[in-house]
Amino acid sequence: MDRLELKYGCNPNQKQAAISVEEGTLPLKVLNGKAGYINLLDALNGWQLVSSLKKATGLASAASFKHVSPAGAAVGLALDDVERSMYFISESQELSNLAAAYVRARGADRMSSFGDFISLSDECDLSTAKIIKAEVSDGVIAPSYTPEALEVLKQKKGGSFTVLAIDSGWQAPLLETRSVFGITFTQEHNAVVLDRSVLEPVVTHEQAIPEEAVIDLLVALNTLKYTQSNSVCYAKRGQTIGVGAGQQSRIHCTRLAGDKADLWHLRQCKAVLDLPFLPKLSRNDKDNAVEHYLQGELDEWQRYFSEEVRPLSAEQKQEILSRVSGVSLASDAFFPFRDNIDRAARSGVSYVVQSGGSLRDELVIEACDAYKMVMVCNSIRLFHH
């Protein structure tokens, strides 16, 4: 048995924490720092996500995990000028495809990504390491690191930043087990492949799915495979823009993820991009400032801005969001009622993928047709617990 001792379990009082394999050697190496129990759960779920997303799209992929669900996931599409501004990336800073993927994954929900564990599909290069060094994060997992990148990462958090290397050729055994309250559960590993082949059949009058929406739907589906259920994910521009995880009601998932997607779009408006931040404000304080601004909670604007700013009105927000379209949405199980489609429409959703199988499928399809959405019902459920 190969075994790795951890700092502690889910909480500091839970001692004797470790990971192990019965046969062979662990596919993990700790290159720096010391991992904790939750770190490893995030790392292994995140690695599976980016690995499957890379295989599905052929693009470098990254994920930002917090408490065993992704705060964001993305593929390495180049950033435009607005995205660079909203993600605090200067025009002169060069980004590799992998670095762009992590900037997008982190930028999907920067408030939730604070203190994340990072997963990378490809070798971590210097460009990506520099981005990671500038963010508040607990650790990173990747198949390998360039010497320059590893040196940068080893300097993070006073030398305690956790850096993990994983064997990219590792294959999980067919059966996986877990213990709950002294009772062992066994099931087959979820090896379903979520690539272009799962984007059928299309069940709506509208049939066409453009290439950019194909990528977004695959990003959303692969993200949900490793998100605590119930879950719904909105995606745009090769990244998640809203993840609703661990809700008991599907409409609550759709609302939560939709509210996050709306904030992502509002962050791109001129009023936000032109906010007069105090010169020495940190990235994290800027994130807080933007959140307070968009939520209309600016009682102490002097903490963030050099001059008083006028919050966006409800009418202004609605006008901005009314122009949004082309958003993709995926659900980890069927939609039981059309209210999910009604909520999705308010966030500019044009493309939907779900399992189908509800008694009210026809009503859900009718709702999509009314909004001229394209919907796939692929019979694949993606519950993850």
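Visitor: Which residue in strand 2 is the bridge partner of Glu-5?

Guide: The partner of Glu-5 in strand 2 is Ala-18. Before we go on, this is a predicted model, with residues numbered from 1 along each chain as its sequence is written. Local features need pLDDT of at least 70, side-chain atom pairs count only at pLDDT 80 or more, totals for chains, interfaces and linings use all residues, and side-chain values use heavy atoms, with hydrogens and water left out.

Visitor: What makes strand 1 and strand 2 count as paired?

Guide: Two strands pair if DSSP finds at least two bridges between them. Strand 1 (residues 2-5) and strand 2 have 4 bridges, in the antiparallel sense, so they meet that rule. Strands themselves are DSSP runs (E, at least two residues), as are helices (H or I, at least four), numbered from the N terminus.

Visitor: Which side chains of strand 2 are buried?

Guide: In strand 2 (residues 18-21), Ile-19 and Val-21 point to one face and are buried, while Ala-18 and Ser-20 point to the other face and are not. In a regular strand, side chains alternate between the two faces of the sheet.

Visitor: Why is Ile-365 called buried?

Guide: Buried means under 20% relative accessible area, exposed means over 50%, and partly exposed lies in between (1.4 Å probe, protein chains only). Ile-365 has 12% relative accessibility, so it counts as buried. Ile-365 sits in helix 13 (residues 361-370). Its C-alpha atom is 7.2 Å from that of Val-203, although the two are 162 residues apart along the chain.

Visitor: How do you know that the span of helix 8 agrees with what is expected?

Guide: The expected span is 1.5 Å times one less than the number of residues. Helix 8 has 17 residues and should span 24 Å; its end C-alpha atoms are 24 Å apart, so the two agree. Helix 1 (residues 37-57) has 21 residues and reaches 30 Å, close to the 30 Å expected. After helix 1 comes Gly-58, whose phi is positive, near 75°.

Visitor: What makes helix 8 mostly covered?

Guide: In helix 8, 12 of the 17 residues are buried, among them Cys-253, Ala-257 and Trp-264.

Visitor: How many residues of strand 6 are buried?

Guide: In strand 6 (residues 116-120), 5 of 5 are buried. Asp-116, Ile-118 and Leu-120 point one way, and Phe-117 and Ser-119 the other. Strand 6 pairs with strand 4 (residues 61-66) in the antiparallel sense over 4 bridges, with Ala-62 opposite Leu-120. Strand 6 also pairs with strand 7 (residues 137-142) in the parallel sense over 4 bridges, and there Ile-118 stands opposite Val-140.

Visitor: Which residues touch the most other members of the largest nonpolar core?

Guide: They are Leu-120 and Tyr-234, in a core of 71 residues. Helix 3 (residues 97-107) gives the most to this core, with 7 residues. A separate second core has 24 residues, including Ala-35 and Tyr-226.

Visitor: What makes such a set a nonpolar core?

Guide: The name is used for buried Ala, Val, Leu, Ile, Met, Phe, Trp, Tyr and Cys residues joined through side-chain atoms within 4.5 Å. In soluble globular proteins, nonpolar side chains tend to be buried together.
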